[in-house]
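Dear colleague,

Please find below the structure I am handing over to you. My notes on what was found in it follow directly after.

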Amino acid sequence: MSKAEGFDFSGDQVAAAWERYRDRLFEGQRRLSEWLVDRVDPQPGQTILELTAGPGETGFLAAERVGTEGRLISSDVSEGMVGAARRGAEARGLTNVECRVIDAQQIDMADASVDGVLSRFGLMLVPEPGRAFAECRRVLRPGRRLAYGVWGPPDRNPWLTFLALAIMQHGHVIPGDPFGPGGPFSLASPEASRDLLMAAGFTEVENEEIPGVFRYASVDDYWDVQSSIGGPIAGLVASLSDDERAAIKATLETMVAPFRSDDGYELPSLGIGISAE
């Protein structure tokens with residue numbers, strides 16, 4: 001994850017929530033993570049850089065492929081997220097993972113020093129993604145690839161939008177423009193990514209829509225997860241009174257009703273995988 005004006009995902013509380021829910025947040029779009037790693041195609045002994053890594057699960061897939069002679073550099077601008085990734089790597093017994101604080105817009109690494117760059121749901125959150133793409137191109141060795149994931153349009157991601165919509169229906173304003181630079185839907189159009197990537201020096205760009213699903217045991221479960229993992233929403237929800245929260249939850253219950261399953265609720269998501277060389 002990363003930090004952008006109006007959409008700050010770097011706070012300690014948000015990082016703690018991502019660590020707490022790391023498994024379910026990863027599994028909801030595991031197919032995308034696997035797609036990204038396949039496009040980078042890590043080989044034994046190589047060095048792979050993961051940017052905006054959050055708790056690090058996507059990069060851990062690459063770490064398994066590069067083996068003990070290779071290295072994964074798991075990085076995020078948030079120290080809290082880097083700590084979560086370090087604990088995740090240790091829990092998995094991965095000894096080839098280096099966890100570092102790195103700003104994707106200013107990568108503190110030498111030119112042509114890595115064999116692949118990964119990012120899942122983070123590069124759209126940086127204030128200047130064009131700078132980040134140029135940095136990715138700079139640190140990649142010739143012929144190697146960048147692969148990253150972004151969210152598709154909001155109407156294809158109710159898991160992400162329902163809580164925000166319910167909050168706004170009750171007159172609250174969520175800071176930041178979700179479609180502007182650094183917003184969660186800023187790169188929802190594949191054309192937006194393609195233009196920025198070509199400007200950064202990439203010549204071969206491909207993308208693929210990859211659906212997923214996020215599961216919740218109840219409306220309260222949905223509330224607990226979603227109100228804690230999103231930077232601007234987490235801060236706003238914390239400021240609400242009990243009555244305001246109850247009113248929003250009632251609206252939310254109506255919104256998620258069509259997605260009820262035998263085990264709770266299943267809300268669809270749509271990620272877009274993009275790779276470039």
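In this predicted model, Arg30 and Glu27 form a salt bridge through their side chains, with an N to O distance of 2.9 Å. Arg30 is partly exposed, at a relative accessible area of 28%, and Glu27 is likewise partly exposed, at 43%.

A second salt bridge joins the side chains of Arg138 and Asp111, at 2.7 Å from N to O. This pair links distant parts of the chain: Arg138 belongs to helix α6 (residues 129-139), while Asp111 sits in the loop between β5 (97-101) and β6 (114-120), 27 residues apart. Arg138 is partly exposed, with a relative accessible area of 24%, whereas Asp111 is exposed, with 51%.

Arg156 also pairs with Glu209, their closest N and O atoms lying 3.8 Å apart. Because Arg156 is in the loop between β7 (140-151) and α7 (158-169) and Glu209 is in strand β8 (residues 205-216), this salt bridge ties together parts 53 residues apart in sequence. Both are partly exposed: Arg156 has a relative accessible area of 37% and Glu209 one of 47%. Elsewhere, Glu19, Arg22, Glu57, Arg87 and Arg92 are joined into one network by salt bridges that share partners.

In total, the structure holds 21 salt bridges. The protein carries 26 positive and 42 negative side chains, and the centres of these two sets are 4 Å apart.

As for the overall fold, the protein contains 11 helices and 10 strands. Its radius of gyration is 18 Å, which agrees with the value near 19 Å for a compact globule of 277 residues. Buried residues account for 57% of the 277.

With kind regards

Note on methods. Residues are numbered from 1 along each chain as its sequence is written. This is a predicted model: local features need pLDDT of at least 70, side-chain atom pairs count only at pLDDT 80 or more; totals for chains, interfaces and linings use all residues. Side-chain values use heavy atoms; hydrogens and water are left out. Helices (H or I, at least four residues) and strands (E, at least two) are DSSP runs, numbered from the N terminus. The radius of gyration is taken over C-alpha atoms; the globule rule is 2.2 Å times the number of residues to the power 0.38. Buried means under 20% relative accessible area, exposed over 50%, partly exposed in between (1.4 Å probe, protein chains only). Lys and Arg count as positive and Asp and Glu as negative; His and the chain ends are not counted. The place of a charge is taken as NZ of Lys, CZ of Arg, CG of Asp or CD of Glu. A salt bridge is a side-chain nitrogen of Lys or Arg within 4 Å of a carboxyl oxygen of Asp or Glu.
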